[in-house]
Amino acid sequence: MKHFGTDGIRGPCGVYPITPEFMLKLGWAAGKVFTETGRSKILIGKDTRISGYMFESALQAGLSAAGVDVRLLGPMPTPAVAYLTRTFRADAGIVISASHNGYQDNGIKFFSAQGTKLPDDIEAAIEDKLQESMECVPAEMLGKSRRVDDAAGRYIEFCKGTVNPHTSFKGLQIVLDCAHGATYHIAPSVFHELGADVNAIGVDPDGMNINQECGSTSVATLRKVVRLQKADLGIALDGDGDRVIMVDHMGEEVDGDELMFIIAADQKRQGLLEGGVVGTQMSNLGMEQGLQKLGIEFTRAKVGDRYVMHELKKRGWLLGGESSGHLVCRNLTSTGDGIVAALQVLQAMKCTGKSLHELKNQMQKMPQSLVNVRFPTRIDLADYPAVQEQVDLLEEHLSGKGRVLLRPSGTEPVVRVMVEGENADLVNQFAQQLAHDVREIVS
């Protein structure tokens, strides 16, 4: 599609299509598609970046011009918009966010009435409508807008409800990093009201500090605070709240693969795990091996939450995610949810009586090295058979005790070179050499 990528529309603010003019037209186009079957209601939420207000107004105007009633949620995590779209019986939800990117970027995600990503045919219909001239409905048919004052409270109660009502986090000391993003006014209340002693950082958004050296993409500060305060653990969310990375009491990072393993193992122990686990091409081989030892099936999807969700639905499984911390618990939510995933990990700690450090060490991660090879323009690796020859040679050298993956980025002219194996030094050496070979062959 021209505008929609694997995760909506995203790019630098002020550069087409992330402009007020395009957002006005996008709101109108989406509104025309959703009003084809009658009067529609669409929710709009956003993260805390400064451009969100501008794009919220533009989308609101476009939707109103198409005859759509709008409910404005204000700053709200992406998974909260998905949840509220369902509970408000809305026809769609829109999130204004660039997720874990800096404030200079922004983007748009759509959710269906079921709180899932829009079907391809609806996205295609919106793309087609964007090609038409924009016309406003008669004044008496204009959409009406109002703000939803209790949106945060509704979502807080939902998150709390995903934990066993007999479970209390009393006695747990948590450092919570909200990345100056959309969870700043929600996540602290969730964990505090469930009994935890919460020290919240990254809760002072100014429109430009979202994800800035904080949150799930930068846990150095969180690690330092956890060790300094002798907390039991740290929780890092990203700017729109759909990712989570944790830190144990020793200050060691616990990534999405390890968190997914902990949740799967606990659900298996309780007899609650239905089916297996879906990871991605980037998921650590150690997680796959650890799940196999527990008798839990595992399969890999392409990188991207859309592909993880597709594989989950196809197999009828309920748990999946990415090493980046985008975890989907389909028995609880319709999309990736950082707060809900963190709650499941804390529940596992309480149920087993084990620390986060002990739980994560039940899975042994394989050393993994990732090198990004940048080119002037995007390339198709299929045009360079010599690259595959180098990959084959390296895989032969690993003798089945590691993995090699070359993956072009979906958003920039970069090839990601990933090597896994038992020896960290060799893995780093192999990754650097393969990256050099790829650069030389393509150049």
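Strand S7 (residues 173-177) runs parallel to strand S9 (residues 233-237), the two sharing 4 bridges; strands here are DSSP E runs of at least two residues and helices H or I runs of at least four, numbered from the N terminus, and pairing takes at least two DSSP bridges. In this pair, Asp177 sits opposite Ala236 in S9. Both strands belong to an open, mixed sheet of 5 strands, ordered S8-S7-S9-S10-S11. Its edges are strand S8 (197-201) and strand S11 (253-254), each with pairing on one side only.

A word on the model: it is predicted, with local features needing pLDDT of at least 70 and side-chain atom pairs counting only at pLDDT 80 or more, while totals for chains, interfaces and linings use all residues. Residues are numbered from 1 along each chain as its sequence is written, and side-chain values use heavy atoms, leaving out hydrogens and water.

Zooming out, the protein has 14 helices and 18 strands. Its radius of gyration is 22 Å, which agrees with the value near 22 Å for a compact globule of 443 residues (C-alpha atoms; the rule is 2.2 Å times the number of residues to the power 0.38). Along the principal axes, the C-alpha atoms fill a box of roughly 70 × 60 × 40 Å.

As for burial, 58% of the 443 residues count as buried, meaning under 20% relative accessible area with a 1.4 Å probe, protein chains only. Of the contacts (heavy atoms within 4.5 Å) between residues at least 6 apart in sequence, 71% link residues at least 24 apart.

Terms used:
Buried < 20%, exposed > 50% of the residue type's maximum accessible area, 1.4 Å probe, protein only.
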